[in-house]
Structures are given as structure tokens and as C-alpha cells.
Amino acid sequence: MEYYEEPNARVALGLRRPEPGDWYHGYPEYHVERDDDKCIRCLVCVRQCPYDCTFYDPYRHGVYNVHENCVNCRRCEFMCPTSAIRMTKWGAGFRDNDNWKQKTIRTVYKQADSGAVSLTGLGNDREYVSYFDRMVIDASQVTNPSIDPLREPMELRAYIGKKPERHTNPPEVYPNLKAELPVIFAPMSFGAISFNFQRGLAMAAKEAGTYFNTGEGGLHPDLRQYGDHAIVQIASGRFGVSLDYLSNAAACEIKIGQGAKPGIGGHLPGEKVTWDVSRTRMIPEGSDALSPAPQHDIYSIEDLRLLIYGLKEATEYTRPVSVKIAAVHNVAAIASGIVRAGADIVVVDGFRGGTGAAPAVIRDHVGIPVEVALAQVDQRLREEGIRHQASLIAAGGIRSSADVIKGLALGADAFYIGTAAMVAVGCTACQQCHRGRCSWGITTNRPDLAPRLQPEVAAERLTNLLHGWAHEIKEMLGMMGLNSIESLRGNRLKLRGVGMTQVELDTLGIQQAGL
Amino acid sequence: MPSMRGNRHFIRRPHQEKDISACGIIGFINRDGTRVSGDAIIRSIANMHDRGNGLGGGFAAYGIYPEHADAYALHIMYDDERAIAETEALIRNTLETEHAETIPVHPNGTVTEYPEFRRYFCHAPDVEERDADEYMVRLVMRINAKIEGAYVVSSGRNMGAFKGVGFPEDLAEFFCLQEYEAYLWTAHNRFPTNTPGWWGGAHPFTLLDWSIVHNGEISSYGINRRYLESFGYACTLMTDTEVVAYIFDLLVRRHGLSFEQAATVMAPPFWQDIDRMPPDEAAEATALRQTYASAALNGPFAFLFGYNGGLIGLNDRVKLRPLVVAERGDTVYMASEESAIRVVSPDLDTLFYPVAGQPVIARLYSETAEKTSVAHGGTVHGN
């Protein structure tokens with residue numbers, strides 16, 4: 001198997017610095033501590049490590065590590081049957097310096113080694129302020145009774161799409177998504193994630209009465225049966241787009257941008273374009289799948305309108321059309337334009353959103369938090385009297401049911417969860433998605449790694465997550481004296497801010513705690 | 001005007017936060033249109049004395065101005081001479097006034113300090129009937145929002161609201177309500193947890209001939225208010241009741257919904273119940289819920305909605321506030337407590353507790369085709 005290369009002789013002898021000029025790997029970040037008394041030489045760790053970090057030396061009958069290759073994915077630690085392995089940080093690191101932190105220095109080494117863009121996966125990991133964590137929620141005391149969701153009905157159903165401004169007889173009806181809870185699986189393409197994971201997402205979405213999003217990688221023929229629960233993306237590469245793809249889905253989504261990498265495209269390397277990926281994306285096997293930075297037929301808002309109505313025509317006005325943008329500085333005006341261009345759903349993806357691969361400099365420094373973007377978009381659409389024309393989905397940085405509650409109160413109709421869904425199936429947030437050798441079988445299609453995640457297991461864990469969140473959302477609604485999410489949506493009186501400036505409070509449209 | 005000495009303000013709102021209050025409510029309508037004095041409603045609301053704390057009470061009465069039946073009757077309360085001058089100048093410039101006078105008051109009991117009350121019987125000049133209502137609504141909003149120290153208590157035809165700070169029975173005496181005759185009376189006894197001395201915050205809250213007395217707390221207030229603001233309503237009073245009135249106005253007057261549909265919007269059926277409805281009914285309920293999701297009232301409430309043609313009672317959809325309805329002859333009573341009805345009408349034909357979220361609509365006979373009972377569902381008792 002090509003993936004099980006024997007370590008080269010230098011490494012096998014325990015000589016470090018495998019390549020001259022590789023300063024990045026010269027300083028290990030993590031240390032794989034192995035208790036030799038506990039180790040039974042079962043070699044699970046050796047077989048599980050996809051990062052060439054663990055090897056067995058038959059001459060010494062021992063298991064050894066190339067620590068500088070360790071990414072702290074914790075797969076070996078998790079799998080070790082005798083708990084002999086423990087991950088620790090390597091030594092003291094560099095001299096203490098709040099400005100030149102280890103990560104900063106190592107990134108410079110890496111670039112000086114390679115002359116390349118520093119790539120990464122997952123979402124922005126920097127210490128920006130989290131507005132979610134600075135908002136607190138209201139509860140009923142005396143003047144109105146809190147409601148016990150175990151005894152009383154509690155409604156989480158969300159209709160997502162355009163609504164009429166006023167009731168008529170007979171009523172105007174627009175196609176809407178009907179989600180039994182306002183949480184939808186975020187766009188993650190087959191190719192970026194494993195087929196098994198996408199299948200697990202589809203199964204869980206069907207089970208929980210919500211939706212998954214294909215991302216830009218097309219819909220695999222085996223997932224066609226989940227079309228009623230699929231939101232299909234039309235991105236700049238137009239991978240996998242056909243009439244069947246559009247009309248077999250619950251909704252179509254035009255991807256303009258992604259919170260983790262606003263303004264740039266994507267690149268799925270040819271070696272990841274396997275036969276299965278190739279037929280799903282409708283590109284030749286082994287060819288690079290390049291997503292241009294813009295959609296080359298959308299250079300302005302009127303072009304967007306053409307594509308929106310092109311999709312509506314193609315689906316005979318039976319599906320809502322969504323437009324997904326990254327949260328950037330003038331997001332409110334952009335969202336307003338998108339609604340006026342005819343979108344039924346606007347997805348605003350904040351800068352904490354994840355990615356299969358992005359330049360670290362962009363992931364970490366571009367875009368704005370989804371909380372403020374959401375608050376501003378909702379307010380702008382209301383001021384313009386067009387809030388009913390589109391639903392608002394917040395994405396990028398939703399970690400818990402508390403974030404969902406707070407986002408609802410700020411004005412979102414529903415939420416995308418991507419990273420949370422990955423963590424639910426085993427992701428340890430090691431940020432190696434771009435390397436295509438995810439040790440948990442989530443962001444890889446390597447035939448030795450992908451089967452590590454089984455769709456049934458993924459589906460069960462994802463369903464559990466949604467179930468748990470739904471319970472928590474119901475408890476929090478009941479605690480506020482509400483029994484339906486539509487009475488929380490945009491109800492900013494239910495939020496208060498702690499530790500924010502007045503400008504921040506005003507931007508979010510909430511009051512200081514205590515007032 | 002002894003009330004206006006010193007620096008006391010009755011109309012400026014003392015606090016910025018949402019007003020929270022609990023209450024007792026009672027209303028009755030003589031469906032044949034017979035007018036009766038305020039005596040019965042006063043005895044009814046006084047019977048629920050302990051549901052208030054002396055910080056607010058009020059009444060709405062329909063049919064009290066037969067001599068000016070076609071004119072909009074503006075009841076306005078004032079803090080000072082400047083507000084009077086400013087408001088009267090505005091009225092002179094915008095309306096044709098048929099008659100104007102001070103509302104007679106009689107200080108007593110808990111009501112010793114009070115603002116000035118005046119009423120004006122006016123016509124909107126040179127505008128169509130339907131537009132006249134819109135014209136009046138805008139004028140009322142302008143006075144309330146722009147003229148400090150002036151507050152429009154009511155503005156409908158052949159009706160009036162009387163409200164203030166004090167126990168309702170004292171306010172009734174203060175406003176000499178025994179001397180008015182109406183076919184529809186509603187009353188309110190307030191238990192606010194803040195805003196002492198705020199006369200405008202008392203119920204009923206009105207818009208044209210619509211009046212609302214309300215017991216409850218609207219937990220969805222935040223979104224209801226933002227929704228209404230997108231239709232141009234300025235929610236200046238920070239009371240739950242204000243949004244109820246504006247939602248009625250939006251749904252019924254501006255969007256042309258029936259009162260039944262408006263009730264479906266405000267206290268929507270649960271999805272689990274909609275899913276079991278016949279397809280037509282389910283489609284309509286789904287459309288109403290989708291379209292007016294932000295107008296749904298969530299939280300405990302019972303309110304009485306009065307208009308020239310009838311009286312409507314509505315509970316929240318899980319019935320977290322009391323509401324009882326009774327009929328005796330041509331009279332329909334709706335109240336927080338049965339005792340408030342029995343005290344004025346010991347023998348009743350029917351008495352029932354309305355089903356959560358289902359409106360009870362008692363129209364004047366002149367407004368309906370048949371003289372049918374208003375009873376539905378709930379527990380029906382003969383007596």
C-alpha cells in the first residue's frame with residue numbers, strides 16, 4: 001500500500017532533521033509520550049497514524065515517534081487499548097513572547113522553507129472577541145410563567161423562504177423549506193469530506209426533519225434518495241450541476257463566498273479526484289478541481305439576479321433559491337441587494353466558519369463575526385421593509401444550542417452547523433483538513449482512512465446532537481415564557497450584553513445587562 | 001386647574017424599559033344596543049379590587065355621544081398649558097371641530113392629583129371615509145409622539161376612554177361615569193410593577209374606535225414591536241397592550257383580515273394541530289402563521305377588544321391568564337373572574353371558559369345575520 005511507506009533509514013535510526021532546510025519540522029510542537037510498561041506492541045497506533053509520526057522498529061521491538069510530524073489529532077491516544085499514549089506539548093517552546101508566539105515563528109519558518117502560501121483547515125482559531133459569549137439570555141420570573149417543555153407543546157419548526165407581505169384569499173404561496181428545528185448541516189462538499197460523512201449528514205437530516213447541504217461538489221448518485229433533504233450548491237466551479245441535480249433537491253444555493261475564505265476560490269488537488277469524486281463533480285478523474293474566486297458569470301448584482309431566476313426557471317419556481325455570502329464589512333447593503341435580486345434565502349457566513357483548505361492568512365484575518373453581521377442584516381432588511389422576502393440563515397461559528405438561541409434573538413431564521421457536525425463525528429479540531437489524510441476519516445477519501453467513519457455511526461451521532469440541542473432550545477424557550485421559535489426570532493429584548501462598549505451593543509441592537 | 005400646579009408630570013413616561021403589569025378585566029355588551037349607565041361596570045370592576053394596586057384603572061364606553069355620533073371624539077390629557085396650546089393649534093389646523101369642552105372630573109379617594117382632560121368632536125376635512133381613519137391615526141400618533149405633555153386617550157366615533165392612576169372605582173367616580181350611557185363597556189384594574197404615576201400607561205389603550213383592556217405579559221413584545229415598526233408604527237409607550245392594538249390595526253384595517261383570522265395570527269394554533277386539520281383549513285392556518293409569524297403574541301394574556309360593532313375576548317394559546325364568558329338575555333359578559341359577572345348579573349343563561357387561543361366574538365345584532373350564542377367549546381354551564 002502506497003500509504004504505508006516505511007520510514008526512511010535516517011528516521012528509522014532515530015536521526016532527526018530528515019530533510020535539510022526543513023526548519024518547520026526542526027522544532028516539534030507536540031510530544032507523543034508512550035508508557036513503555038503499558039505498551040503491548042499491538043501497533044494500533046502505527047496503523048492509525050496517517051501523518052508519518054509513529055513507527056515500529058522491529059530490531060528494538062519498540063514503537064517510536066517522529067514527534068515533529070505530530071499534529072495532535074489524538075487518534076493514537078484515542079485508539080490505544082492500554083492507554084499507554086499521552087499527548088503533551090514539546091518542552092518550553094520558544095522564549096516567552098506575546099508578540100512572536102510559537103505559531104507565528106513556525107509559520108515564518110514554514111514559508112522560508114517552502115516559499116509557499118501557508119495553508120490550513122477548519123476555522124479561524126485566533127483570539128478575537130466572541131459576541132456570542134458576551135450575550136446573556138433572559139428568563140421569566142413572577143410576571144409571566146416559564147413553560148415546562150416536558151408538559152407543554154414547544155415549537156421549533158421553521159419555514160425558510162420568502163413569505164407574502166400580507167395575507168390574501170387565496171393565500172400567496174411561495175416554496176419554503178420546512179425544518180423541524182432551525183439547524184441545518186452546513187455546505188461541505190464530497191471531496192472535501194468523505195462520502196461516508198456526507199451520507200451520515202444526509203441520513204441524520206432526514207431523521208431529524210432538517211436539511212444537509214451538498215457544498216459545491218455535486219450530489220453523489222447514492223445520495224440522490226436524500227434529495228428531499230438536500231440543499232444543492234451552485235458554486236463558481238459549477239461542479240456536478242445538472243437539471244436533475246437542481247430539480248431533485250429541496251433548495252438551490254448560489255455560493256458567492258465562504259466565511260473562512262471570503263473572496264477566494266478553491267482547489268481540490270487532482271489526486272483527491274477519485275473515480276467517485278470525478279463522476280459526482282462531472283470532471284475527469286485525476287484532474288484538479290478549480291473553483292474560481294468569483295462566479296465568472298456574476299460580476300455584479302444584476303448578474304446575480306439572472307442566475308437566481310435562471311435557477312427558478314429551471315426548477316419551475318418550486319424550490320427556494322438561496323444565496324450564500326461571507327460576512328464582510330458592508331454585509332447589510334449586500335444582503336439587501338441580494339434580497340432585491342430575488343433570493344428567497346440569504347446565508348451569512350461569519351469569519352469563524354470552517355473550510356477544507358484556505359490560506360491561513362485569509363482564514364484568520366478576513367471577514368467579520370456572524371453575530372454583528374446577522375444583527376445588521378436583519379435590521380437593514382426590516383428598515384427597508386423587505387425582511388419577509390427572504391429568510392436569513394446564520395453560519396460560521398455556531399457551537400452550541402446557546403449560540404442558536406442568541407442568534408435567533410438577533411434575527412436569524414435558521415443556522416448552518418459545519419464544524420460542530422464534524423466534531424460530533426470525531427473531529428478533534430487539529431486543523432489538518434487541507435492535507436486530505438484526516439485520521440478520523442472525515443475530511444479524506446483515501447481508501448484506507450475514509451472507512452474509519454461509518455455513515456450509520458455518523459448519522460446516529462449527528463441525530464443525537466440535534467436531539468440534544470432541540471431539547472436545550474426548548475428548555476430555553478420555555479424558560480423565557482415562549483413556546484415557539486417565531487416569537488424569539490428577532491426578539492432582541494431577550495438578550496443583554498456584558499462587557500461590551502455602547503457601540504458594540506448598538507451594533508447588535510441589544511441593551512447592557514442590568515438595564 | 002389645581003392638578004397642574006408644581007412640576008408633576010402625568011404624561012411623560014418615567015422609565016424606558018418595557019412595562020410589566022398584571023390586571024383584572026371586565027367587559028359587557030348589550031347586543032341589542034340598549035344603553036346603560038356606568039353603574040354596572042363600576043360594581044363589576046370594584047369587585048376585582050385586589051387584582052390591582054391603585055396604580056392604574058380605566059374604562060371604555062361605546063355609544064356615549066349620540067349627539068356627536070358622526071364626529072371623531074378626541075379625549076386628550078394634558079400636563080401643562082403649553083401642551084394644550086400646541087395641541088389645540090394642531091387640531092385647529094388639521095381638523096374641523098364641531099364641539100370642544102373640558103371633560104368634567106370630580107377629585108376623590110385615591111385620585112387627588114391629575115392632568116387636565118379635554119375632549120374635541122372633530123371631522124377630518126376633505127378626505128374619503130376610509131382615508132379619514134388613516135388621517136386620524138396619523139394625527140393621533142403625531143400628537144402622542146411629538147407633543148410633550150399631551151396624550152390622546154381615545155379618538156373613535158361615539159365612544160370614549162377614561163383612564164388614569166388610581167383604583168378603577170375611584171377613577172369612575174372621578175370621571176363621573178355614572179352619568180354616561182353606553183351599550184358596550186370595558187374596564188381595567190391595573191397592577192403595574194413599575195411606572196408609578198404614568199397616566200398614559202393605564203388601560204384601555206385605543207386607536208380610533210378600537211379599545212383594548214389586557215391582562216398579561218407579551219413575551220414576544222421585542223419582535224412584535226420590531227415587526228410593527230417596519231410598517232411604520234411607532235411604539236412609544238413600551239406597553240404590551242400597545243402592540244396588541246397596532247397588530248389589530250395592521251391586520252384588520254390595513255390588511256383586511258377578519259377578526260377570526262386576526263385571532264389566528266395572534267394566538268396561532270400549534271403546528272401539531274394544524275397538521276391534523278382538513279387540508280383547506282391547514283393551508284390557511286399555515287399561510288397565516290408563515291406570513292404573520294412576527295405578529296404572533298406569545299406569553300400569558302387575556303384581552304378584551306372593543307369596537308363600535310362588538311366585543312371580542314381572546315386568550316393566549318395555552319391559556320395562562322383567566323377569562324370567563326357568560327350570557328344573560330341580550331348581554332354578553334367577559335371577565336377575569338366569574339364573581340365580577342355574578343355581582344351584577346347573579347342569574348346567567350350560560351357561562352363558559354373559552355378554549356385557549358379561540359376568540360369569543362359578541363357582535364351587535366345589527367352587525368350579525370342571526371342572534372346566536374357566542375358560546376363555543378370550553379365548559380358550558382347552564383344556570
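**Loops, salt bridges and the A–B interface**

In this predicted model, Leu208(B) sits in the loop that runs between strand 11 and strand 12 (210–216) of chain B. The backbone here deserves a look, for Leu208(B) has a positive phi, near 50 degrees, without being a glycine. Most residues other than glycine have a negative phi, and most peptide bonds are trans. Leu208(B) has a relative accessibility of 7% and so counts as buried, the cut-off being under 20%. A second residue of chain B that is not a glycine, Lys319(B), also has a positive phi, of about 55 degrees. Lys319(B) belongs to the loop between strand 14 (310–315) and strand 15 (324–328) of chain B. With a relative accessible area of 27%, Lys319(B) is partly exposed.

Cis peptide bonds turn up in both chains. In chain B, His203(B) and Pro204(B) are joined by a cis bond with omega about 0 degrees, and Pro204(B) is part of the loop between strand 10 (184–192) and strand 11 (205–207). In chain A, the cis bond is between Asn169(A) and Pro170(A), with omega about -10 degrees. Pro170(A) is placed in the loop that links strand 7 (158–160) to strand 8 (177–179) of chain A.

Chain A itself is assigned two domains, domain 1 (9–116) and domain 2 (132–426 + 478–512). Their C-alpha centres are 38 Å apart. Helix 12 of chain A, residues 401–410, is mostly covered, with nine of its ten residues buried. Among these buried residues are Asp403(A) and Lys406(A), along with Val404(A), Ile405(A) and Leu408(A). Just after helix 12 of chain A comes Gly411(A), with a positive phi near 135 degrees.

The two chains meet over an interface in which 40 residues of chain B are in contact with 33 residues of chain A. Together they bury about 3100 Å², of which 50% is on carbon and sulfur atoms. On the chain B side, the residues that lose the most area to chain A are Arg226(B), Trp271(B) and Gln290(B), which together account for 21% of what that side buries. Polar contacts between the chains number 18 residue pairs. Three helices of chain B, namely helix 5 (221–229), helix 8 (271–274) and helix 9 (279–291), each contribute at least two residues to the side that touches chain A. Of the elements of chain B, helix 9 gives the most to this side, with seven residues. Sorted by class, the side of chain B that touches chain A comprises 17 nonpolar, 14 polar and nine charged residues.

Charge pairing also features at this interface, where five salt bridges are found between chain B and chain A. In one salt bridge between the chains, the side chains of Arg317(B) and Glu155(A) come together at 2.9 Å, N to O. Both of these residues are also touched by Ser484(A), whose contacts further include Leu477(A), Arg289(B) and Asn298(B). Ser484(A) lies in the loop between helix 14 (455–479) and strand 20 (495–497) of chain A. Its relative accessible area is 1%, so Ser484(A) is buried.

Over all chains, the structure holds 50 salt bridges. Side chains of opposite charge can pair when their charged atoms come close. Within chain A, Asp413(A) and Arg489(A) form a salt bridge at 3.3 Å, N to O. Asp413(A) is in the loop between helix 12 and strand 19 (414–417) of chain A, while Arg489(A) is in the loop between helix 14 and strand 20, so this pair ties together parts that lie 76 residues apart in sequence. Asp413(A) and Arg489(A) are both buried. The pair also belongs to a network of salt bridges that links Asp378(A), Arg382(A), Arg387(A), Asp413(A), Arg489(A), Arg492(A) and, from chain B, Arg226(B). This brings the account back to the interface, since Arg226(B) is one of the residues of chain B that lose the most area to chain A.

Other salt bridges involve partly exposed residues. Arg74(A) pairs with Glu77(A), their closest N and O atoms being 2.7 Å apart, and Arg74(A) is partly exposed at 43% relative accessible area. In chain B, Asp80(B) and Arg82(B) form a salt bridge whose closest N and O atoms are 3.8 Å apart. Here Arg82(B) is partly exposed, with a relative accessible area of 40%.

Conventions: Residues numbered from 1 in each chain as written. Chains lettered and ligands numbered in written order. Predicted model: local features only at pLDDT ≥ 70, side-chain atom pairs only at ≥ 80, totals over all residues. Heavy atoms only, no water. Contact = heavy atoms within 4.5 Å. Buried area = accessible area lost by both parts, 1.4 Å probe. Salt bridge = Lys/Arg side-chain N within 4 Å of Asp/Glu carboxyl O. Polar contact = N/O pair within 3.5 Å; in protein donor to acceptor, adjacent residues only side chain to side chain. Helix = DSSP H or I, 4+ residues; strand = E, 2+ residues; numbered from the N terminus. Nonpolar A, V, L, I, M, F, W, Y, C, P; charged D, E, K, R; others polar. Domains from an automatic or database assignment. Buried < 20%, exposed > 50% of the residue type's maximum accessible area, 1.4 Å probe, protein only. Lists of a residue's contacts leave out its neighbours within four places in sequence.
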